[in-house]
Amino acid sequence: MSELIHYRLEQGLALISLDRAPVNALDQTLRAALSDACERAAADSRVQAIILHGERGLFSAGADIKEFGTEASFAEPDLPSMLMRLAAIHKPMIAALGKVALGGGLELALACGYRIGEPSLRVGLSEINLGLLPGAGGTQRLPRLIGVESALNLILSGKQIDAENARLLGLLDRIAPSTERLLDEAREYAYELIACRAPARPAEAWPEPAEGLPDDFLARYRAEHEPSWKSRLAPRLVLSALEAASLLPLDEGLLRELALFKQAESSRQSKALRHVFFAEREAARIPGVPADLPLRKIARIAVIGAGTMGGGIAMSFANAGIPVALLETDGKALDRGLTQIRGNYEISVRRGRLQAEQVESRMDLIFGTLDYADLSEADLVIEAVFEKLEVKQQVFRTLEKVCKPGAILATNTSSLDVDAIAATVARPQDVVGLHFFSPANAMRLLEVVRGRATAPDVLATTLDIARRIGKLPVISGVCFGFIGNRMLEPYAREAHRLVLEGATPAQVDRVLTDLDLNMGVFSMLDLAGIDVNFLVRDSNRDAIAHDESYCRLGDELYAMGRYGQKTGRGFYLYEGRNRKDDAEVIALAERLADELQISRRPIDDQEILERCLFMLINEGIQLLDEGIALRTSDIDLVWINGYGFPAHLGGPMHYAEQLGLDTVLLGLQRYRQGLGEYGEMWFKPAPLLKRLVAAGRKRIERF
């Protein structure tokens, strides 16, 4: 047999194990070897039952994603055809599922007549996260096993479920008492099936998958959920596949599923989501920092500042079981911070996401203090105080005195110069930027800002601790705003200017949400706080002094105390979180335009989209050229996970490549010429963009 498959004959049983490290991905070579082994077992008269399992206790994490979109995806034996042949074998076949059975791995298990899992097993069909649907029988065999509604929920969620829930749904026939006993239990199960002359496949639990559901169930499901899908294709294709399962015989349903899968696989959305999948794995690689570099020990954390950001950071570590000291200089502020943390946890309890005892165990991990001396044993200290350089520098001078040698000193600044902060201590090699996004306990993105002197092991250690607390770390160099907020600056600037020229905040936001962004510019600024955005902008005032119109609308709202949702008034009016347009903001924009001698006119949606996004893209290309971002995919991750750019568009850099770099350049040049002095001032194409287009390059890369 192939080295990828181990075949053993044991007293009437063929034991076939998958052995393609690390996760038994079902690529063409493994499919071919597995197909040969199963056909051998089917033809051997000594074999009465077949057990499929994985070496080293892991069954299969699914298809090899690198094959998607290539000829290898359907190279013989392709997975759908192979599973049809396996399902037709006339002997009982038991899938012994260890650790994970995901995607194509679960579809392989579904093609078997019987399934047994270990207690810690996780199963799921996660193809939806790649803009795909299960294409090897998942949408047809699963509803016949557990019913249409349960199958639909599992496939559309893309989530993994544990062994007990899988058993309750009917996905598993049995659960082994322990991981170590899985294969022995599978053998015993096989002998039971042989003894009672069980069929190769038991009768389907749901021969009519939609049985018991209203006739209009799928139509009502579509009407209820389609608004949340926005322009995503994959959920609609999943629904079509489940409709086929409800109406067609299995063989016809499998053909329909395959056609839908191929439609999804060739779509731009799936290509974009596969780009994001690989981008997350690439982000962990730091040029010049070896993967096996010894890390610093991180067991104790300290956070300075018990405000919204500091409290959220403390929660992030407590949620991961890591003790954290939370320091404030004022007792009332500390009490407010700890009360807010408890309140956040209690909201999770009311929503069923936490148990009351979990709240107490997490609160026990957060130690409030007013004394810097209590930070002396911390391995990582994260400053999260007021966004003023002088304030942060003073905090670091104090940390220099109290923190032990080798402790990592991190600043949570969202835009300030990390090198200027590091210069205040005698150990700048220990200083790094850790820019958490608000709310820090919920947002996945973490910008890790590498200072000029940041030591390689500090960088590697912070990436590791970020992953331990469930964050997605992305490396940035030092500049104003790093990757995310630096790109936000021209994006938000154009939105502000467009309102002065005649658009409305609601129109700008609608154009952006029509592209499937989570929210528009002005909704985002109201949520984050107009005051917060003003302070970031104010720290960079010298760079924008040449434009009197620069974000003037936001400046005026700040001066009026209209800070957004938290004050009930910003670019919009708020009753709770319910947003309403505000005629006063339009009147204010008209007055400012008159003062600044800006002509107002009707603005069409295409201009709004291009001016906001082309400036966003242009700034990202400039960041890459300067070396602030290591790679374009890192930029995409920042904007998807920090700013709500739709993942199914792949992020702004991938989106630009799909639009065509020449299209972006021509658009920038058109607005530079057509917007007079303002266009000349701001719409300057990045030199790298011009070089890429001149060279005929289709991808954004530094050269």
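In which sense do strand S10 and S11 pair, and over how many bridges? Strand S10 (residues 301–304) pairs with S11 in the parallel sense, over four bridges, where two strands are taken to pair if DSSP finds at least two bridges between them. The model described here is predicted, so that local features need pLDDT of at least 70 and side-chain atom pairs count only at pLDDT 80 or more, while totals for chains, interfaces and linings use all residues. Residues are numbered from 1 along each chain as its sequence is written, and side-chain values use heavy atoms, with hydrogens and water left out. Helices (H or I, at least four residues) and strands (E, at least two) are DSSP runs, numbered from the N terminus.

The pairing of S10 with S11 places Ile-301 opposite Val-324 in S11. Strand S11 (residues 324–327) also pairs with S12 in the parallel sense, again over four bridges, and here Ala-325 stands opposite Phe-367 in S12. In a regular strand the side chains alternate between the two faces of the sheet. Both faces of S11 are covered, with Val-324 and Leu-326 on one side and Ala-325 and Leu-327 on the other, all of them buried; buried means under 20% relative accessible area, exposed over 50%, and partly exposed in between, with a 1.4 Å probe and protein chains only.

These strands belong to an open sheet of eight strands with mixed pairing, in the order S12-S11-S10-S13-S14-S15-S16-S17. Strand S12 (366–369) and strand S17 (472–476) stand at the edges, and because each has a single partner strand, one side of each is left without a neighbour in the sheet. From one strand to the next, the twist averages 25°. Helix H17 (residues 456–468) packs on the sheet, where it touches strand S13 (380–383), strand S14 (408–411), strand S15 (431–436), strand S16 (445–449) and S17, and the direction of H17 makes about 155° with that of S17. Axes are lines fitted to C-alpha atoms, for helices over the stretch in contact, and angles run from 0 to 180 degrees between N-to-C directions.

Among the helices, H24 (residues 605–626) and H29 (residues 687–694) pack at an angle of about 90°, with their axes 8 Å apart. H24 and H29 are therefore roughly perpendicular to each other, given that angles under 35 degrees count as roughly parallel, over 145 as roughly antiparallel, 65 to 115 as roughly perpendicular and the rest as oblique. On the H24 side, Asn-618, Ile-621, Gln-622, Leu-624 and Asp-625 meet Pro-687, Leu-688, Leu-689 and Arg-691 in H29, contact being defined by heavy atoms within 4.5 Å. The residues of this contact of H24 with H29 divide into five nonpolar, two polar and two charged; Ala, Val, Leu, Ile, Met, Phe, Trp, Tyr, Cys and Pro count as nonpolar, Asp, Glu, Lys and Arg as charged, and the others, Gly among them, as polar.

Helix H24 also takes part in the packing of helix H19 (residues 505–514), whose buried residues are Pro-505, Gln-507, Val-508, Asp-509, Val-511 and Leu-512. These buried residues pack against H18, helix H20 (521–528), helix H23 (583–595) and H24. Just after H19, Asp-516 takes a positive phi of about 85°. His-496 has its place in helix H18 and is buried, with a relative accessible area of 2%. Leaving aside neighbours within four places in sequence, His-496 is in contact with Phe-522, Leu-525, Cys-551, Leu-553, Gly-554 and Phe-571.

The structure holds 54 salt bridges, a salt bridge being a side-chain nitrogen of Lys or Arg within 4 Å of a carboxyl oxygen of Asp or Glu. One of these joins Arg-486 to Glu-626, with the closest N and O atoms 2.8 Å apart. Arg-486 lies in helix H18 (residues 484–501) and Glu-626 in helix H24, so the pair ties together parts that are 140 residues apart in sequence. Of the two partners, Arg-486 is buried, at a relative accessible area of 12%, whereas Glu-626 is partly exposed, at 39%. Within helix H7 (residues 182–195), Arg-187 and Asp-184 lie three residues apart, about one turn of the helix, and form a salt bridge in which the closest N and O atoms are 2.7 Å apart.
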